[in-house]
Amino acid sequence: MRLLDSIPKEDFLQNVQDKYRRSQQSIVMGSDYFREQFDQAYVLASLMKSEKHWNELAKAALYSLDIEAASRIFQKLGTACKVLILDEIKEVEDTKLLAGHIAEFFFKNYELAQNLYLSSSKPSAALEMRKNLFQWDFALKLATTLSPMEVPLISKEYAEQLEFTGDIPAALSNYEKGLQIESSDDYLVKKQISLCKAGIARTSIRSGDYRR
């Protein structure tokens, strides 16, 4: 305990917090300082018994892309859901893809996550993120280049969202785009066409265009 007592605990953890704050605008790729000091910071956080310090240390670990350290802290905090997420992404070797996952799931910084995904080995992750968030306008723009075959499907989803929010002309336009799908006997394709035709009928009436 004498050695630990000689360490300026508040100053040390403040340095960790300051390092995190300086990194908030962009994820730090591999902080040697953090990795070297983590064990000591972990002991100090344990002694101080402050959830605030644990959370700051967890953020520093995430910004350093140190999945093992972050998982260890979240286990200490009892946040099992975050541990599970880290378990799912810990094998990702592409640092930009890994950083994108962290920006998306832990910091909810979707713009940063998208930029990281697009510059990674799996740019389609950006499209999947926007779809999972029901951000169909962003998804539609991404699908145009990343997955053109999905454009009709996303257009239909976007049309339904626009119709619900009252943007009828834009909804009508996207329902029409939703019909630009290759016809087949597939149930989902038939359902897509049926929903788009019904949407076109509704939005045409609401917009006063009875010719459609």
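**Entry 1: surface**

Accessible areas here come from the Shrake-Rupley method with a 1.4 Å probe. With that in my notes, I looked up the surface of this predicted model. I found that the chain exposes about 12,400 Å². Carbon and sulfur atoms supply 52% of that exposed area.

**Entry 2: overall build**

Next I went through the secondary structure. I counted 13 helices and 0 strands in the chain. Reading from the N terminus on, I met α elements at every step, α-α-α-α-α-α-α-α-α-α-α-α-α. I then checked burial, and 42% of the 212 residues count as buried. For contacts I looked at pairs at least 6 apart in sequence, and 48% of these join residues at least 24 apart.

**Entry 3: the nonpolar core**

I wanted to know which residues touch the most other members of the largest nonpolar core. They are I73, F74, L86 and I102, out of 46 residues in that core. A reminder to myself: in soluble globular proteins, nonpolar side chains tend to be buried together.

I picked I73 for a second look and listed its partners, leaving out residues up to four places away in sequence. I73 touches F38, Y42 and W54, and also L57, A58 and A61.

**Entry 4: a glycine in α7**

I stopped at G100, which I found in helix α7, spanning residues 95–105. Is G100 buried or exposed? Its relative accessible area is 0%, and buried means under 20%, so G100 is buried.

Then I looked at what G100 touches, again not counting residues up to four places away in sequence. I noted A113, L116 and Y117 as its contacts. I also took one distance: G100 and E111 lie 9.7 Å apart in space, C-alpha to C-alpha. Along the sequence, G100 and E111 are 11 residues apart.

**Entry 5: the largest pocket**

Last, I turned to pockets. The largest pocket has a volume of about 210 Å³. I listed 13 residues lining this largest pocket, and the closest to its centre are L153, K156, E157, L188 and Q192. Which elements give two or more residues to the lining? I found α11 (151–165) and α13 (187–207). Of the elements, α13 gives the most to the lining of the largest pocket, with 5 residues.

I also sorted the lining of the largest pocket by class, and wrote down 7 nonpolar, 1 polar and 5 charged residues.

Methods: Residues numbered from 1 in each chain as written. Predicted model: local features only at pLDDT ≥ 70, side-chain atom pairs only at ≥ 80, totals over all residues. Heavy atoms only, no water. Helix = DSSP H or I, 4+ residues; strand = E, 2+ residues; numbered from the N terminus. Buried < 20%, exposed > 50% of the residue type's maximum accessible area, 1.4 Å probe, protein only. Contact = heavy atoms within 4.5 Å. 1 Å grid on protein atoms, 1.4 Å probe; cavity = no way out; pocket = protein on both sides within 12 Å on 5 of 7 lines; lining within 4 Å. Points joined across faces, edges and corners; volume = space filled by probe spheres on them. Nonpolar A, V, L, I, M, F, W, Y, C, P; charged D, E, K, R; others polar. Core = buried A, V, L, I, M, F, W, Y, C linked by side-chain atoms within 4.5 Å.
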